[in-house]
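What follows is a walk through one protein chain, taken residue by residue and then as a whole. Keep the sequence and the structure in view while reading.

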Amino acid sequence: MDRQVGFLAQGLASVVCVLNPATVILGGEIAGLGQAVVDPLRRALGALVPRPPRHLIASSLGGDAVALGAVQMALQDADTRLLASPAA
């Protein structure tokens, strides 16, 4: 798994250097691995970037994050369309 963590750290390093986020949240299937990936990733990322994020955490939504986000967006759209004021 060290090799995969290294690849992930290299990809995240680019984003971290450009955006300088205070927090990076890992989602999807990677988040399901929890601390087994977070701790090695934190070390690898710290070695690659001058200012690593203060927080590197795994999302509690796990593999359902994308589906839950899609449902949330659909509900918001339906709410806007159904409850919007009619055009004057």
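Begin with Ala9, which, apart from neighbours within four places in sequence, is in contact with Leu41, Ala44, Leu45 and Leu48. The model is a predicted one. Ala9 belongs to helix 1, and helix 1 runs over residues 2-19. Among the partners of Ala9, Leu48 lies in helix 3, which covers residues 35-48. For Ala9 and Ala44, the C-alpha atoms are 6.0 Å apart in space, although 35 residues separate the two in sequence.

Is Ala9 buried or exposed? The relative accessible area of Ala9 is 0%. Buried means under 20%, so Ala9 counts as buried.

Leu48 can be read from its own side of this contact. Leaving out residues within four places in sequence, Leu48 is in contact with Ala9, Gln10 and Ala13. Its relative accessibility is 45%, so Leu48 counts as partly exposed. The two partners in the Ala9–Leu48 contact therefore fall into separate classes, with Ala9 buried and Leu48 partly exposed. A further C-alpha distance for Leu48 leads to Leu26: the two are 22 residues apart in sequence and 18 Å apart in space.

Helix 3 also holds Pro40. Which residues does Pro40 touch, once those up to four places away in sequence are set aside? They are Val5 and Gln35. With a relative accessibility of 19%, Pro40 counts as buried, because the cut-off for that class is under 20%. Pro40 and Asp2 are 38 residues apart in sequence, and their C-alpha atoms are 7.8 Å apart in space.

The next stop along the sequence after helix 1 is a loop. Asn20 lies in this loop, between helix 1 (2-19) and strand 1 (23-26). What is notable in the backbone of Asn20 is its phi, which is near 50 degrees, a positive value in a residue other than glycine. Asn20 has 38% relative accessibility and so counts as partly exposed.

Strand 1 contains Ile25. Not counting residues up to four places away in sequence, Ile25 touches Ile57 and Ser59. Even with these contacts, Ile25 is exposed, with a relative accessible area of 54%. From Ile25 to Ala44 the C-alpha separation is 16 Å, for two residues 19 apart along the chain.

Ser59, one of the residues that Ile25 touches, sits in the loop between strand 2 (55-58) and helix 4 (65-83). Beyond residues up to four places away in sequence, Ser59 touches Ile25, Leu26, Gly27 and Ala31. The side chain of Ser59 also has a polar atom that lies 3.0 Å from the backbone nitrogen of Leu61. At 18% relative accessibility, Ser59 counts as buried. In the Ile25–Ser59 pair, then, Ile25 is exposed while Ser59 is buried.

Now take the chain as a whole. How many helices and strands does the chain have? There are 4 helices and 2 strands, and along the sequence they follow the pattern α-β-α-α-β-α. The radius of gyration is 18 Å, well over the 12 Å that the globule rule gives for 88 residues, so the chain is more spread out than a compact globule. Along its principal axes, the C-alpha trace spans about 60 × 25 × 20 Å.

Burial and surface can be put beside these dimensions. Of the 88 residues, 22% count as buried, and Ala9, Pro40 and Ser59 are among them. The accessible surface comes to about 6,400 Å², and carbon and sulfur atoms account for 61% of that area.

Two values remain, one for contacts and one for charges. Taking contacts between residues at least 6 apart in sequence, 75% join residues at least 24 apart. One example is the contact of Ala9 with Ala44, since that pair is 35 residues apart in sequence. As for charge, the chain has 6 positive and 6 negative charges, and their mean positions are 14 Å apart.

Technical notes: Residues are numbered from 1 along each chain as its sequence is written. This is a predicted model: local features need pLDDT of at least 70, side-chain atom pairs count only at pLDDT 80 or more; totals for chains, interfaces and linings use all residues. Side-chain values use heavy atoms; hydrogens and water are left out. The radius of gyration is taken over C-alpha atoms; the globule rule is 2.2 Å times the number of residues to the power 0.38. Buried means under 20% relative accessible area, exposed over 50%, partly exposed in between (1.4 Å probe, protein chains only). Contact means heavy atoms within 4.5 Å. Accessible areas come from the Shrake-Rupley method with a 1.4 Å probe; for residues, only the protein chains shown count as cover. Lys and Arg count as positive and Asp and Glu as negative; His and the chain ends are not counted. The place of a charge is taken as NZ of Lys, CZ of Arg, CG of Asp or CD of Glu. A polar contact is a pair of N or O atoms within 3.5 Å; within protein, one must be able to donate a hydrogen and the other to accept it, and residues adjacent in sequence count only if both atoms are side-chain atoms.
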